[in-house]
Amino acid sequence: ADVDPASLQQDEPVTVKFDGTVGGTAVAGSAWLVLREAGELVAFDPKCPHASCAYELTDEKQFSCLCHEAFFDIDGNVLSGPPRRPLDEYRVRVIDGRVELYVPADFATPRPTG
């Protein structure tokens with residue numbers, strides 16, 4: 001991902017872009033990164049699990065879905081609205097000062113609509 005992990009601040013979500021390959025196919029996308037209290041890094045898929053709409057960060061540090069007024073906390077948990085499950089996460093790790101995301105095997109660019 002295109003971020004220096006040393007620049008991340010605890011509980012301050014940032015959006016990042018990534019590119020790579022999945023099953024030999026080139027893919028590109030974005031994710032929300034959140035550095036948690038224990039130094040754990042979490043990456044969220046930028047689409048709401050309800051209807052695959054984009055969401056944004058509010059001034060109250062919540063994620064707000066742009067389609068159906070759903071809200072999630074910065075840990076990805078549903079606070080209100082129609083989603084029945086939390087935000088989807090990508091596996092993530094930091095290697096040699098670089099953030100690496102592991103996207104699902106069925107990830108595609110462009111993303112299929114849900």
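**Two loop residues and two cores**

User: In which loop does Lys61 lie?
Analyst: Lys61 sits between two strands (DSSP runs of E, at least two residues, numbered from the N terminus). This is a predicted model, where local features need pLDDT of at least 70 and side-chain atom pairs pLDDT 80 or more, while totals for chains, interfaces and linings use all residues. Residues are numbered from 1 along each chain as its sequence is written, and side-chain values use heavy atoms, leaving out hydrogens and water. The place to look for Lys61 is the loop between strand S4 (55–57) and strand S5 (63–65).

User: What is the phi of Lys61, and what is its relative accessible area?
Analyst: Lys61 is not a glycine, yet its phi is positive, at about 55 degrees. Lys61 is also partly exposed (between buried, under 20% relative accessible area, and exposed, over 50%; 1.4 Å probe, protein chains only), with a value of 34%.

User: Is Glu69 buried or exposed?
Analyst: Glu69 is found in the loop between S5 and strand S6 (71–72). Another non-glycine with a positive phi, Glu69 has a value near 55 degrees. Its relative accessible area is 64%, so Glu69 is exposed.

User: Which strand supplies the largest share of the largest nonpolar core?
Analyst: A nonpolar core joins buried Ala, Val, Leu, Ile, Met, Phe, Trp, Tyr and Cys residues through side-chain atoms within 4.5 Å. The largest has 16 residues, with Leu33, Tyr90 and Leu101 touching the most other members. At least two residues each come from S1 (14–22), S2 (25–35), S3 (41–44) and S9 (98–102). The largest share, 4 residues, comes from S2.
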